[in-house]
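Student: I'd like to practise reading a structure feature by feature. Could we go through one together?

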Amino acid sequence: METESLARSLAEQPLVAGMLDAHVEFLSGCAQNVRLSAGKFLFREGQRADNLYLIRSGKIALESHDGGRGTLVVETVGAGDALGWSTLFPPYRWGLDARVVEPALVFAIDGTCLRSKLDADHSFGYAFTRRLLNEVHSRLQRARLQTLDVYRAAP
């Protein structure tokens with residue numbers, strides 16, 4: 001029975017796909033596989049943002065709380081999405097809750113390790129940051145379209 005290396009599995013994630021093998025191997029030193037059960041909170045608003053997550057399977061709802069309206073689902077993310085860039089920027093705190101809505105398998109990339117590798121190897125840092133920026137751009141576009149749909153006037 002052949003076991004798949006962490007780097008090989010990581011290379012299949014959209015955020016990482018196409019990166020140099022050396023960069024993927026470098027990144028894999030910060031990553032671990034994590035299984036999550038439905039209903040579990042991956043993180044809570046205000047807690048320290050310790051990891052960047054790459055979702056391999058399952059669904060995770062990003063939620064915000066409004067005293068008047070209760071819990072609002074801001075977005076639901078799934079396989080192939082990245083989650084948690086708050087781990088890269090001070091004050092390293094989550095701005096939302098992330099609740100697992102379908103059992104999930106994720107790569108958890110340690111934020112402290114990732115930040116040190118981004119600083120240590122600028123070639124890796126540029127390649128990774130550019131890909132992450134593209135992910136942020138795509139998510140903002142999805143949020144914009146979702147907002148337009150929510151506020152569309154009924155005919």
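Tutor: Gladly; this is a predicted model, and we will take its sheet, cores, rings, loop and a few single residues in turn.

Student: Let's begin with strand pairing. In which sense do β1 and β6 pair, and over how many bridges?

Tutor: For a pair of strands, look at the direction, then at the bridges, then at who stands opposite whom. Strand β1 (residues 31-36) pairs with β6 in the antiparallel sense, over six bridges. One register point is Leu-36, whose bridge partner in β6 is Ala-104.

Student: What about β2 and β3 against β6?

Tutor: β2 and β6 are antiparallel too, with two bridges, and here Phe-43 has Ala-98 as its bridge partner in β6. β3 and β6 are joined by eleven bridges, again in the antiparallel sense. On that side, Leu-54 stands opposite Phe-107 of β6.

Student: Now the interior. Which residues touch the most other members of the largest nonpolar core?

Tutor: When reading a core, find its best-connected members and then ask which elements supply it. The largest nonpolar core has 21 residues, and Leu-114 and Phe-128 touch the most other members. The elements giving two or more residues to this core are α1 (6-11), α2 (21-28), β3 (51-66), β6 (97-110), α3 (111-120) and α4 (122-150). There is also a second, separate core of 16 residues, which includes Phe-43, Ala-49, Tyr-53 and Trp-94.

Student: Which residues does Leu-114 contact, apart from its neighbours within four places in sequence?

Tutor: Leu-114 is in contact with Leu-27, Cys-30, Leu-52, Leu-88, Ile-109, Phe-124 and Phe-128, once neighbours within four places are set aside.

Student: Which residues of α3 are buried, and how is its N-terminal end capped?

Tutor: A helix has a periodicity to keep in mind: with 3.6 residues a turn, residues three or four places apart point the same way. In α3 the buried residues are Gly-111, Cys-113, Leu-114, Arg-115, Lys-117 and Leu-118. Asp-110 caps the N-terminal end, with a side-chain oxygen 3.2 Å from the backbone nitrogen of Thr-112.

Student: On to the rings. How many aromatic pairs are there, and why is the pair of Phe-43 and Trp-94 called stacked?

Tutor: For ring pairs, check the distance between centres and then the angle between planes. The structure holds five aromatic pairs. In the pair of Phe-43 and Trp-94, the centres are 3.6 Å apart and the planes are at 10°, so the pair is stacked; the cut-off for stacking is under 30 degrees. Phe-43 is in strand β2 (residues 41-43) and Trp-94 in the loop between β5 (82-83) and β6, so this pair ties together parts that are 51 residues apart in sequence. Both residues are buried.

Student: Which residues form a ring cluster, and which charged residue lies over the face of Phe-26?

Tutor: Ring pairs link Phe-26, Phe-124 and Phe-128 into a cluster. Lys-117 lies over the face of Phe-26, at 4.4 Å from the ring centre. Elsewhere, Arg-44 lies over the face of Phe-41, 3.8 Å from the ring centre.

Student: What should I notice in the backbone of the loop between β5 and β6?

Tutor: In a loop, look at omega and phi. The peptide bond from Pro-90 to Pro-91 is cis, with omega near 10°, and Pro-91 lies in this loop. Tyr-92, found in the loop as well, has a positive phi of about 60° although it is not a glycine.

Student: Last, single residues in β4. Is Glu-75 buried or exposed?

Tutor: Place the residue, then judge its accessibility, then list its partners. In strand β4 (residues 70-78) we find Glu-75, which is buried because its relative accessible area is 12%, and the limit for buried is under 20%. Its side chain makes a polar contact of 2.6 Å with that of Arg-142. Not counting residues up to four places away in sequence, Glu-75 touches Ile-60, Ala-61, Leu-62, Arg-139, Arg-142 and Gln-146.

Student: And Val-74, which residues does it touch?

Tutor: A general point comes in here: in a regular strand the side chains alternate between the two faces of the sheet. Val-74 is also placed in β4 and counts as partly exposed, at 39% relative accessibility. With residues up to four places away left out, Val-74 touches Leu-62, Glu-63, Ser-64, Leu-96 and Gln-146. Its C-alpha is 8.8 Å from that of Leu-96, and the two are 22 residues apart in sequence.

Notes
Residues are numbered from 1 along each chain as its sequence is written. This is a predicted model: local features need pLDDT of at least 70, side-chain atom pairs count only at pLDDT 80 or more; totals for chains, interfaces and linings use all residues. Side-chain values use heavy atoms; hydrogens and water are left out. A nonpolar core is a set of buried Ala, Val, Leu, Ile, Met, Phe, Trp, Tyr and Cys residues joined through side-chain atoms within 4.5 Å. Buried means under 20% relative accessible area, exposed over 50%, partly exposed in between (1.4 Å probe, protein chains only). Helices (H or I, at least four residues) and strands (E, at least two) are DSSP runs, numbered from the N terminus. Contact means heavy atoms within 4.5 Å. A polar contact is a pair of N or O atoms within 3.5 Å; within protein, one must be able to donate a hydrogen and the other to accept it, and residues adjacent in sequence count only if both atoms are side-chain atoms. Rings of Phe, Tyr and Trp (its six-membered ring) pair if their centres lie within 6.5 Å; planes under 30 degrees apart count as stacked, over 60 as edge-to-face and the rest as tilted. A charge sits over a ring if NZ of Lys or CZ of Arg is within 6 Å of the ring centre and within 35 degrees of the ring normal. Two strands pair if DSSP finds at least two bridges between them.
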